Amino acid sequence: MDAQTQIELEAAAFRRLQKHLMEDRTDVQNIDMMNQHGFCRNCLARWYQEAANERGIDMDKMQGREAFYGMPFSEWKAKYQTEATPDQKAAFDQSHG
């Protein structure tokens, strides 16, 4: 496989992951992703922002989130994010504290 094809396949896989998280599984909360997998949508948005910055593209945290979420982060939170339960918070503190 040539390098360009590999890049295109990796980009397609990323876009499918993004669609899955943004459209197909809006019910899965970021805190659950962090507790189970060690990363969440915000991590992916930050990695996107960091990649842009490394290439000389001026992008801040909120712009990175909007690019990844496909809408302003405040809108995403209002539509899909629920308050973390005490159990979710305790699991997060245990695994990331």
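Two residues are in contact when heavy atoms of theirs lie within 4.5 Å. In this predicted model, Gln88 touches Ile31, Asp32, Asn35 and Glu83, leaving aside residues up to four places away in sequence. The points below cover Gln88 and then the cysteines Cys40 and Cys43.

**Gln88: place and surroundings**

- Gln88 is part of helix α6, which covers residues 86–96.
- The relative accessible area of Gln88 is 14%, and the residue counts as buried because this value is under 20%.
- The side chain of Gln88 comes to 2.7 Å from the backbone nitrogen of Thr85.
- Between Gln88 and Glu75 there are 22 Å in space, taken from C-alpha to C-alpha, and the two are 13 residues apart in sequence.

**Cys40 and Cys43: no disulfide**

- A disulfide requires a pair of cysteine sulfur atoms within 2.5 Å.
- The cysteine sulfur closest to that of Cys40 belongs to Cys43 and is 4.1 Å away, so the gap is too far for a bond.
- Cys43 is likewise in no disulfide, as its nearest cysteine sulfur is that of Cys40, at 4.1 Å.
- By this rule, the number of disulfides in the model is zero.

**Cys40 and Cys43: burial**

- Cys40 has a relative accessible area of 5%, so this residue is buried.
- Cys43 is buried too, with a relative accessible area of 8%.

Technical notes
Residues numbered from 1 in each chain as written. Predicted model: local features only at pLDDT ≥ 70, side-chain atom pairs only at ≥ 80, totals over all residues. Heavy atoms only, no water. Buried < 20%, exposed > 50% of the residue type's maximum accessible area, 1.4 Å probe, protein only. Helix = DSSP H or I, 4+ residues; strand = E, 2+ residues; numbered from the N terminus. Polar contact = N/O pair within 3.5 Å; in protein donor to acceptor, adjacent residues only side chain to side chain.
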